[in-house]
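Here is a short briefing on a strand region and on one residue in a helix. Look over the structure first, then read the points below.

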Amino acid sequence: MQLKPGMQVLVINVARIGDTLLCTPAIRALRRAVPAGQVTVLAHPDRQCLLQNLPFIDELRGMTPRQAWWRQWGLKARYDVAVVYGNDPALLKLARQRAAYTVGFSQQNAMGNRWLDYAVPRPETPMHAVRERLLLPAALGIESREEQLAYAPRESEIHAVQRWLAPQCEGAPLVGLQMASFPTKGYRDWPLERFVELVSGLLTRWPDLRFVALGDRLSRERAAQLAREFPGKIISAAGRFSLRKSAALLSQLDLYVGVDTGPTHLAGALGIPMVGLYHCYHRGEWLAPLQHPMLEVVEHPALIARRDSPMAELGAARVLTAIECLARRLPVDHPMHTDQE
């Protein structure tokens with residue numbers, strides 16, 4: 001089946017922060033294929049805010065699998081096509097009930113596949129997460145070379161974080177530090193001592209820098225420890241802001257350095273200068289932002305993908321080298337720009 005310009009499309013992507021953002025190139029491609037139609041997106045209620053303000057989404061609703069049976073009544077009576085990301089039976093069934101034609105990835109059993117008109121085979125070899133998600137629009141005849149993630153902050157959110165930052169940063173260049181992932185994937189966290197080494201090295205090169213310690217409430221103690229190491233240089237934003245306000249804060253950074261987690265995808269979507277640190281079990285080759293001109297990817301040195309490989313094996317010197325490399329590519333008016341040697 002191929003999409004026609006006036007079709008109504010339903011996209012179901014109930015996921016975490018990173019997986020929500022990784023689908024934005026696919027949603028954008030779907031919307032461009034239906035210029036006279038509409039695209040409705042179902043996202044997780046806690047993550048749907050990430051998709052607000054995007055021009056290629058006509059309607060946005062929050063829904064969990066448990067809510068599918070009753071929240072569906074707020075949807076249109078019928079869609080021409082439903083594109084389903086994920087494996088939850090309740091969401092697959094919802095797509096089948098609401099759309100004339102359904103597309104999703106092959107499920108683990110025949111019962112799951114019965115809800116799909118077209119089950120797209122999953123790639124047999126590793127593939128970048130964005131390109132994998134673009135396989136579903138491709139099954140509808142849509143090809144897209146736009147692979148950059150999308151996020152759109154509001155002016156009011158930006159002004160709010162600017163007012164919060166102003167008395168603390170005093171006009172100094174700002175480097176954001178995302179030190180931790182989420183608890184179930186703590187093996188992706190870079191140790192505090194490595195961040196101490198990194199900050200020390202950056203201050204040797206750029207002594208006027210200030211650092212914003214990012215993260216949720218669980219990151220507050222790490223931020224406090226870092227602040228004790230560098231008095232007057234660390235601004236803690238850990239656990240202070242909503243998800244959208246946190247994204248607005250990222251937009252004000254001169255450089256972002258972070259482990260592989262949701263805010264790193266957000267930094268990629270915002271297009272700010274960034275250095276991403278990736279564990280060998282989740283390599284940047286498959287997850288780092290695409291089509292980002294101011295990005296440096298630092299991979300864990302292990303050649304074999306093992307979950308138990310310590311992130312401490314990634315030394316601060318490699319990250320400092322990546323930042324120096326990025327600094328040479330920054331615009332000349334950027335406060336961390338370094339002339340080519």
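Strand 4 (residues 79-85) and strand 5 run parallel, joined by five bridges. This is a predicted model. The points below start with strand 5 and its neighbours, then move to Thr264.

**Strand 5 and its partners**
- Within the pairing of strands 4 and 5, Val83 sits opposite Val103 of strand 5.
- Helix 4 (residues 89-98) belongs with these two strands: strand 4, helix 4 and strand 5 form a β-α-β unit, and the unit is right-handed.
- Strand 5 also pairs with strand 6 (residues 118-120). Three bridges join strand 5 and strand 6, and the two run parallel.
- Gly104 has Ala119 in strand 6 as its bridge partner.

**Burial of strand 5**
- Strand 5 spans residues 99-105, and six of its seven residues are buried.
- The strand is therefore largely enclosed by the rest of the structure.

**Thr264 in helix 12**
- Thr264 lies in helix 12, which covers residues 262-270.
- Is Thr264 buried or exposed? Its relative accessibility is 2%, so Thr264 counts as buried; the cut-off for buried is under 20%.
- The side chains of Thr264 and Tyr256 make a polar contact of 2.7 Å.
- Leaving aside residues up to four places away in sequence, Thr264 touches Tyr256, Gly258, Val259, Met274 and Tyr278.
- Tyr256 thus appears both in that contact list and in the polar contact with Thr264.

Notes: Residues are numbered from 1 along each chain as its sequence is written. This is a predicted model: local features need pLDDT of at least 70, side-chain atom pairs count only at pLDDT 80 or more; totals for chains, interfaces and linings use all residues. Side-chain values use heavy atoms; hydrogens and water are left out. Helices (H or I, at least four residues) and strands (E, at least two) are DSSP runs, numbered from the N terminus. Buried means under 20% relative accessible area, exposed over 50%, partly exposed in between (1.4 Å probe, protein chains only). A polar contact is a pair of N or O atoms within 3.5 Å; within protein, one must be able to donate a hydrogen and the other to accept it, and residues adjacent in sequence count only if both atoms are side-chain atoms. Contact means heavy atoms within 4.5 Å. Two strands pair if DSSP finds at least two bridges between them. A crossover is right-handed if, with the strands pointing away from the viewer, the path from the first strand over the helix to the second runs clockwise.
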